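I opened the model to take notes on its fold and its core. The entries below follow the order in which I looked things up.

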Amino acid sequence: MHIRGDHAELVVGGRLDVRSAADARTVLHSALDDGVGDLVLDLTELDSWDATGLGVIMGAHRRAGRAGRAGRRLVLRGVPPQMQRLLVATRLHRILAIEGGIAAESLPRV
């Protein structure tokens with residue numbers, strides 16, 4: 001896994017899984033704590049993830065919304081189609097801020 005960027009936009013690539021979760025969590029939390037406004041998480045280079053990786057994203061979402069970070073949001077960009085299907089299946093697409101949104105009816109069925 002690799003993450004590059006700053007407190008306003010981070011690009012995540014490779015695998016976001018149990019092996020990389022602690023590092024990803026540290027980077028995301030630092031970016032959220034050090035910045036203001038939206039933190040864009042660009043997932044276009046993400047190859048794969050597991051439940052732990054999704055947990056890291058949800059934890060960052062919760063951290064962004066806590067008191068003391070007024071107006072701070074985690075915004076997902078470039079969500080791969082497979083992850084879009086997972087977000088729709090778990091109804092997390094209704095909770096997370098996703099740039100451009102996800103039209104559940106337009107996703108191919110698996």
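**V56 and its surroundings**

I began with V56 and listed its contacts, leaving aside neighbours within four places in sequence: A21, A24, R25 and L28. The model is a predicted one, and I read it as such. I placed V56 in helix α2. Is V56 buried or exposed? I count V56 as buried, because its relative accessible area is 3%, under the 20% cut-off. I also checked V56 against S20, 36 residues away along the chain, and found their C-alpha atoms separated by 9.9 Å.

**Helix α1**

The contacts of V56 include A21, A24 and L28, so I turned to α1, where these three are among the buried residues. I noted the full set of buried residues in α1 as A21, A24, L28, H29, A31 and L32. Seen down the helix axis, they fall within an arc of 160°, so I take them to line one face of α1. On the face turned away from that buried side I found the exposed residues D23, T26 and D34.

What covers the buried residues of α1? I listed β1 (2-5), β2 (9-16), β3 (39-49) and α2 (51-65) as included in the cover.

I then checked the length of α1. The helix has 14 residues, 21-34, and should span 20 Å at 1.5 Å a residue. I read 20 Å between its end C-alpha atoms, which agrees.

**Whole chain**

I counted three helices and five strands. Along the sequence I read the pattern as β-β-α-β-α-β-α-β. Of the 110 residues in the protein, 44% are buried. For contacts with a separation of 6 or more, I noted that 65% are between residues 24 or more positions apart. I put the accessible surface at about 6100 Å², with 50% of it belonging to carbon and sulfur atoms.

**Strand pairing**

I found β3 and β4 paired in the parallel sense over four bridges. The bridge partner of L39 in β4 is L74. On to β5 (residues 97-98): I found two bridges joining β4 to this strand, and the two run parallel. Opposite L76 I noted I98 in β5.

**Nonpolar core**

In soluble globular proteins, nonpolar side chains tend to be buried together. I looked up the largest nonpolar core here and found 29 residues in it. Which of its members touch the most others? I noted L41, L43, L76, M83 and L87. The elements giving two or more residues to this core are β2, α1, β3, α2, β4 (74-77) and α3 (81-89). The largest share, six residues, comes from α2.

I followed up L41. Leaving aside neighbours within four places in sequence, I listed its contacts as L10, V12, L28, I57, L74, V75, L76 and R77. One of these, L28, is also in contact with V56.

**G78**

My last entry is on G78, which I found in the loop between β4 and α3. I class G78 as partly exposed because its relative accessibility is 31%. Leaving aside neighbours within four places in sequence, I noted its contacts with L43 and T44. L43 appeared earlier in my notes as one of the core residues that touch the most other members. I also checked G78 against G100: the two are 22 residues apart in sequence and 9.0 Å apart in space, C-alpha to C-alpha.

Methods. Residues numbered from 1 in each chain as written. Predicted model: local features only at pLDDT ≥ 70, side-chain atom pairs only at ≥ 80, totals over all residues. Heavy atoms only, no water. Expected span 1.5 Å × (residues − 1). Buried < 20%, exposed > 50% of the residue type's maximum accessible area, 1.4 Å probe, protein only. Arc of directions from axis to C-beta. Contact = heavy atoms within 4.5 Å. Core = buried A, V, L, I, M, F, W, Y, C linked by side-chain atoms within 4.5 Å. Areas by Shrake-Rupley, 256 points an atom, 1.4 Å probe, with all protein chains shown as cover. Pairing = 2+ DSSP bridges.
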